[in-house]
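Good morning, and thank you for making time for this presentation. I shall go through one model, beginning with the confidence of the prediction and ending with the contact between the chains.

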Amino acid sequence: MAAITMLEGIRQALFEEMDRDPAVVTLGEDIGVYGGAFKVSEGLLARFGPERVIDTPISETAIVGAACGMSYLGLRPVAEMQFIDFIACCFNQVTNFVAKSHYRWGAPVPMVLRGPSGGGVHGGPFHSANPEMYFVHTPGLKVIYPSTVYDAKGLLKSAIRDNNPVLFFEHKFLYRRVKEEIPAGDFTVPIGKAAVRREGRDMTILSYAAMAHTALEAAERLAKEGIDAEVIDLRTLLPLDRETILSSLKKTNKLLIVHEDTRTGGIAGEIAAIVCEGAFEDLDGPIMRVTAPDTPVPYSPPLEERFLPNAEKVVAAARELAKY
Amino acid sequence: MEVVMPQMGESIFEGTITKWLKKPGDKIDRDEPLFEISTDKVDAEIPSPAAGVLKEVKVNEGQTVPVQTVVAVIEVDGAGAQAASPAPAKPQAAQQPPVAAQPPAAGQRKPEPAKPATIPAPPIPAASKAPAPPAAAASTEKIRSSPLVKRMAREHNIDLSQVPGTGAGGRVSKNDILQAIEGGGAEGAEAGEAPSAPIPFRAPAAPPPPPPPATGGAAMAALETAVPREKMYFGHYEVQPMSVMRQRIAEHMVLSKRVSPHVYSVDEVDVTGIAAVRAKNKEKFEQTAGTKLTFMPFFVRAAVEGLRAYPTVNASVDGTNVVLHKECNIGIAVALDWGLIVPVVKNAEEKNFLGIARTINDLAERARAKKLKPDEVAESTFSITNPGVFGGLFGLPVINQPNVAILGVGAIEKRPVVIDDAIAIRSMVYLTLSYDHRVVDGAAAHQFMGKVKHTLENWTEAIL
């Protein structure tokens with residue numbers, strides 16, 4: 001079987017889930033006739049028709065509000081943000097209605113809100129955001145941010161089948177850059193489970209999305225210097241897989257967290273707290289982090305390059321950590 | 001990257017490292033304070049020239065080295081891949097003097113103490129090294145490790161002070177303690193039996209130190225002792241080496257008294273007027289100008305008036321030449337917890353009252369924060385000291401060379417004063433002028449003081 005891109009994996013998940021379950025509908029800006037800004041939904045309209053593949057007006061609030069209402073009435077909507085940055089427009093819908101509905105009214109909202117996220121493609125401050133932490137802080141949501149084709153497809157299927165709202169972040173830098181052969185037929189990846197991408201003894205490097213690849217690249221370089229790093233891909237940010245994090249730390253005793261999100265309030269801080277609470281006496285060094293600085297994503301390519309974490313920065317931090 | 005002793009001003013040729021603010025192995029950011037130095041002119045914090053990790057300290061605290069001498073090595077971020085591999089890390093750690101936890105450390109002492117001998121005039125007496133051992137012992141009181149290592153030590157009943165640390169900054173790492181555990185309970189047991197043998201630095205405190213030897217050296221000639229040294233050491237005592245600043249002050253005072261024949265004159269000034277101006281404007285001044293309103297700028301302004309009228313007081317002496325300064329650069333003595341420094345209000349003759357007030361407050365603040373630049377303590381043409389703040393009725397200050405006069409401001413207090421055959425309560429202050437009689441005669445000095453007094457007693461200048 002030929003290797004496919006992450007973009008194709010996501011499209012397959014949408015096709016297969018819509019095929020499998022007539023309650024699954026998609027909606028978003030230009031997802032129908034145009035096939036989506038990144039062509040994720042290309043072919044959906046022809047196959048499933050305009051009642052299940054809905055081109056919406058340019059109103060993110062309306063998209064999420066409609067999806068929320070659809071799910072009350074028994075549908076399983078998959079709503080797209082053309083760029084995930086625009087999710088800020090429907091923050092109220094997501095955090096006050098979608099997230100609280102099940103708690104407040106006993107009305108589950110089985111919807112998925114997905115969209116292209118992240119930087120590295122010179123998209124500038126309005127088309128490169130990583131807004132996951134706003135929602136990781138919101139009880140009632142699940143937040144997924146995969147790094148591989150297999151995970152993207154398997155996790156999106158799990159998300160669509162989940163009876164509660166799931167935010168599904170798709171790193172646009174990875175859309176066409178990662179390719180993978182994946183098994184034919186139906187498979188899912190469980191929400192809330194991290195994956196150990198590389199086993200190691202000397203330290204654990206935790207990451208997710210595009211940075212999971214950066215962490216792996218750094219680990220290979222570090223191996224040549226005699227530093228054996230374990231690399232863990234979180235895959236799901238909410239709920240976090242504490243078990244995998246803590247068991248890896250108990251083995252390696254050192255932790256480096258890498259994320260593309262900005263530093264303050266990033267997931268690294270939460271993980272550091274989890275580790276201090278659950279494994280303080282297993283720490284043999286400070287919990288270190290490599291993140292983007294606290295600024296919007298710059299538009300200028302050299303500035304963006306400086307802004308984003310890369311393997312070099314991870315290697316440098318890992319060397320420091322190894323010295324402890 | 002090599003870090004060098006900076007040249008803190010044109011006439012500075014050497015500096016003393018008074019304190020390292022980072023230890024080997026510590027991370028440091030660019031421009032983060034790395035060490036403190038003391039030179040002839042100032043004490044200053046020296047920022048790191050680069051971000052990275054402090055790899056090696058080459059000059060110990062208390063040592064004096066010529067400018068441009070390499071004092072430390074920083075491993076710049078991202079550089080030096082090979083240094084991170086575990087193998088070379090060990091010898092590095094063994095070289096770090098503060099990590100005395102390793103028994104072999106004593107044998108590997110670097111030949112640093114020999115270095116000062118190559119410097120023409122070491123201003124630090126050899127004796128100042130004496131207190132070092134207790135300090136080193138104190139630094140090892142706290143063994144650097146990690147929560148994991150502490151737990152393992154507890155579980156395996158290991159005394160961490162017996163485990164050589166190879167981690168950053170001499171830290172006992174997981175690998176170190178694993179080796180100690182594998183190296184057998186034997187090592188632990190042995191250490192338990194004879195704990196004193198491998199750790200000589202824990203020996204009981206030595207008896208009171210012997211009197212320090214005389215310092216010698218041309219630069220220290222000024223600090224000769226007045227009586228035979230053995231006559232100073234009796235009863236109970238403690239010997240404290242002078243800080244570099246203290247040595248400089250001592251030298252400077254002896255020198256000034258030897259070079260300049262001091263004459264003193266005292267004046268009594270009625271400052272009721274400026275006290276009222278100050279009281280009336282204090283709050284408004286602080287609000288508008290954003291700086292405190294003290295008495296000092298009044299005295300500086302008055303001194304400038306005096307200096308402009310009588311330029312021989314604003315001078316220096318070069319052999320048989322008198323250098324008459326065109327600028328009025330007023331040195332202000334600032335008392336510090338650790339000594340005294342005289343930052344300079346440059347071109348006070350060009351500044352208005354507010355400018356002077358602001359400059360004084362800024363200089364004093366930065367003097368206390370050790371943030372003065374060398375040129376801010378240089379090129380004074382006249383100085384003012386203020387013994388009054390500590391309650392002194394008046395003082396007879398020593399001239400701050402190369403000035404020829406210094407004004408002392410006593411305590412301002414209310415006193416009964418006779419005015420027009422009536423007794424009034426007035427705010428009074430004694431002003432003293434110490435002046436160099438080689439160039440300033442009594443007449444000029446008193447005329448100068450008259451001008452100062454007149455300016456203060458008839459204050460007209462707007463202060464805002």
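Over which residues of chain B, among them a stretch with 90 contacts beyond four places in sequence, does pLDDT stay under 50? One such stretch is residues 80-140 of chain B, where pLDDT stays under 50 and the model has those 90 contacts beyond four places in sequence. Residues 185-220 of chain B also stay under 50, and for them the model has 36 contacts beyond four places in sequence. What is on the screen is a predicted model, and these two stretches should be read with their pLDDT in mind. For chain B as a whole, the mean pLDDT is 79, with 77% of the residues at 70 or more. For the complex, the predictor gives an ipTM of 0.76 and a pTM of 0.51.

Let me turn to chain A and its sheets. One is an open sheet of 5 strands, and its order is β9-β11-β10-β13-β14 in chain A, with mixed pairing. At its edges are β9 (195-198) and β14 (288-292) of chain A, each of which pairs on one side only. From one strand to the next, the twist averages 25°.

Within this sheet I should like to dwell on β10 of chain A, residues 203-207. How many of the residues of β10(A) are buried? The count is 5 of 5, so described because a residue is buried if 20 or more other C-beta atoms lie within 10 Å of its own. Met203(A), Ile205(A) and Ser207(A) point one way from the strand, Thr204(A) and Leu206(A) point the other way, and all are buried.

What are the partners of this strand? With β13 of chain A, residues 255-262, β10(A) pairs in the parallel sense over 3 bridges. There, Leu206(A) stands opposite Ile257(A), and the bridge partner of Ile205(A) is Leu256(A). With β11(A), the pairing of β10(A) is again in the parallel sense, over 5 bridges, and Met203(A) stands opposite Ala229(A) in β11(A).

Two helices belong in this picture. Helix α8 of chain A, residues 210-224, packs on the sheet and touches β9, β10, β11 (229-233) and β13 of chain A. The direction of α8(A) makes about 155° with that of β10(A). Together, β10(A), α8(A) and β11(A) make a right-handed β-α-β unit. Helix α10 of chain A, residues 267-279, lies across β10, β13 and β14 of chain A and runs at about 150° to β13(A).

Chain A also has an open sheet of 7 strands with mixed pairing, in the order β3-β2-β4-β5-β7-β6-β12. Why is one side of β3 (53-55) and of β12 (236-238) of chain A left without a neighbour in the sheet? Both stand at the edges, each with a single partner strand, so one side of each has no neighbour there. The twist in this sheet averages 20° from one strand to the next. Inside the sheet, β4 of chain A, residues 76-80, and β5 of chain A, residues 112-117, run parallel and are joined by 3 bridges. Glu80(A) stands opposite Arg114(A) in β5(A).

I return now to chain B. Its secondary structure comes to 11 helices and 19 strands. Of its 464 residues, 34% count as buried. Among contacts in chain B between residues at least 6 apart in sequence, 66% join residues at least 24 apart.

One local feature of chain B deserves mention. Strand β10 of chain B, residues 315-318, and strand β11 of chain B, residues 321-324, pair in the antiparallel sense over 4 bridges. Val317(B) stands opposite Val322(B) in β11(B). The hairpin has 2 residues between the strands, and Gly319(B) takes a positive phi near 60°.

Finally, the contact between the chains. How many residues does each chain give to it? Chain B gives 20 residues and chain A gives 16. On the side of chain B that touches chain A, α1 (81-84), α2 (86-95) and α4 (147-156) of chain B each supply at least two residues. The largest share of that side, 4 residues, comes from α4(B). By class, the same side of chain B has 9 nonpolar, 6 polar and 5 charged residues. In reading this contact, I would recall that pLDDT stays under 50 over residues 80-140 of chain B.

Note on methods
Residues numbered from 1 in each chain as written. Chains lettered and ligands numbered in written order. Predicted model: local features only at pLDDT ≥ 70, side-chain atom pairs only at ≥ 80, totals over all residues. Pairing = 2+ DSSP bridges. pLDDT = per-residue confidence, 0-100. Contact = placed C-beta atoms within 7 Å. Nonpolar A, V, L, I, M, F, W, Y, C, P; charged D, E, K, R; others polar. Axes fitted to C-alpha atoms, helices over the stretch in contact; angles between N-to-C directions. Buried ≥ 20, exposed ≤ 12 C-beta atoms within 10 Å, placed from the backbone. Right-handed = clockwise from strand over helix to strand, strands pointing away.
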